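Hi,

Here is the structure I promised to pass on to you. Have a look at it first, and then read on for my notes.

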Amino acid sequence: MPAPALSGWYEACGASGMKLTTTWNQKMRLTAEAGGLTTSMDAKAPIGESSALTPKEHLLAAACECKAMDVLALLRKYRQPLDAFAVEADAKVSEGTHPTVFESLLLTFRLRGAIDRDRALEAMRLSQTRFCGVNAMLSKAFPIRYEVFVNGEPIGDRKSTRLNSSHGYISYAV
């Protein structure tokens, strides 16, 4: 099946270029601004005040949100009735070395509704192999695995396989 066109999607996401400014507020609190929108960052106590996500938590959020936006757009295009959607990120962090980095990432997708399982898997596959730039970049640094549950039931064959991808190593465990 050919990939559905998501006309204008990447241009709207800033694919032609991207600029962001991060400014210091106080202590370890920072604000990032792009296109008039802002988000805050902070360090955990006692260095910071634990008042916002840390930069690494923002990175996990970006991994979840990029993939989620692709999957949601594709499911909408496929006319799949979605009642609920969530993505959980579980990153393994290096120990005993500095800087601490992510060694691997598991993204678990939980979908609820009268969703065709094949369409859900197709949306996941297309996001992984063609659309999600954030996960394409991150997969060059560490392996990313995916699990998909529809109405509480795991879908797919539950086997880890490597996909031939120009985006580096991606394990697809559904």
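**What turned up**

Let's start with a hairpin: strands S6 and S7 form one with two residues between them, and asparagine 151 in its turn has a positive phi of about 55 degrees. Keep in mind as you read that this is a predicted model.

The two strands of that hairpin, S6 (residues 144-150) and S7 (residues 153-154), pair in the antiparallel sense over two bridges. If you want a place to look, valine 150 stands opposite glutamate 153 in S7. S6 also pairs with strand S5 (residues 102-112), and here the two run parallel, joined by seven bridges. Leucine 106 stands opposite arginine 145 of S6. Is S6 enclosed or open to the outside? Six of its seven residues are buried, so the rest of the structure largely encloses S6.

Earlier in the chain there is an open sheet of three strands, in the order S1-S2-S3, with antiparallel pairing. Its edge strands are S1 (21-26) and S3 (37-41), each of which pairs on one side only. On average, neighbouring strands of this sheet are turned by 25 degrees against each other, ignoring direction. As general background, strands of a sheet pair through backbone hydrogen bonds, either parallel or antiparallel.

S2 (residues 29-34) and S3 share five bridges, in the antiparallel sense. You can follow the pairing at alanine 32, which stands opposite threonine 39 in S3, and at alanine 34, whose bridge partner in S3 is leucine 37. S2 and S3 also form a hairpin with two residues between them, and glycine 35 in that turn has a positive phi of about 60 degrees.

Which residues other than glycine have a positive phi? Lysine 27 is one of them, with phi near 45 degrees. Lysine 27 sits in the loop between S1 and S2 and is exposed, because its relative accessible area of 55% is over the 50% cut-off. Arginine 79 is another, with a positive phi of about 60 degrees. Arginine 79 is in the loop between H2 and S4, and at a relative accessible area of 73% it is exposed too.

Now for the loop between S3 and helix H2 (55-77), where you'll find alanine 45. A cis peptide bond joins alanine 45 to proline 46, with omega at about 10 degrees; proline 46 is in that loop as well. Alanine 45 is exposed, with a relative accessible area of 52%. The C-alpha atoms of alanine 45 and methionine 28 are separated by 9.7 Å, and the two residues are 17 apart along the chain.

Threonine 54 is in the loop between S3 and H2 too. Is threonine 54 buried or exposed? Its relative accessibility is 14%, so it counts as buried, the cut-off being under 20%. Leaving out neighbours within four places in sequence, threonine 54 is in contact with Asp42 and Lys44.

The loop between strand S4 (84-93) and S5 holds valine 101 and also proline 99. The peptide bond from histidine 98 to proline 99 is cis, with omega near 0 degrees. Valine 101 is partly exposed, with a relative accessible area of 40%. Not counting residues up to four places away in sequence, valine 101 touches Lys92, Val93 and Ser94. Valine 101 and lysine 56 are 45 residues apart in sequence, and their C-alpha atoms are 8.7 Å apart in space.

Last, the cysteines. How many disulfides does a search of the whole structure find? It finds zero. For cysteine 64, which is in no disulfide, the nearest cysteine sulfur is that of cysteine 132, 9.8 Å away. Since you may be wondering what a disulfide would be: it is a covalent bond between the sulfur atoms of two cysteines. Cysteine 64 is buried, with a relative accessible area of 10%, and cysteine 66 is buried as well, at 18%.

Happy browsing!

Notes. Residues are numbered from 1 along each chain as its sequence is written. This is a predicted model: local features need pLDDT of at least 70, side-chain atom pairs count only at pLDDT 80 or more; totals for chains, interfaces and linings use all residues. Side-chain values use heavy atoms; hydrogens and water are left out. Two strands pair if DSSP finds at least two bridges between them. Helices (H or I, at least four residues) and strands (E, at least two) are DSSP runs, numbered from the N terminus. Axes are lines fitted to C-alpha atoms, for helices over the stretch in contact, and angles run from 0 to 180 degrees between N-to-C directions. Buried means under 20% relative accessible area, exposed over 50%, partly exposed in between (1.4 Å probe, protein chains only). Contact means heavy atoms within 4.5 Å. A disulfide is a pair of cysteine sulfur atoms within 2.5 Å.
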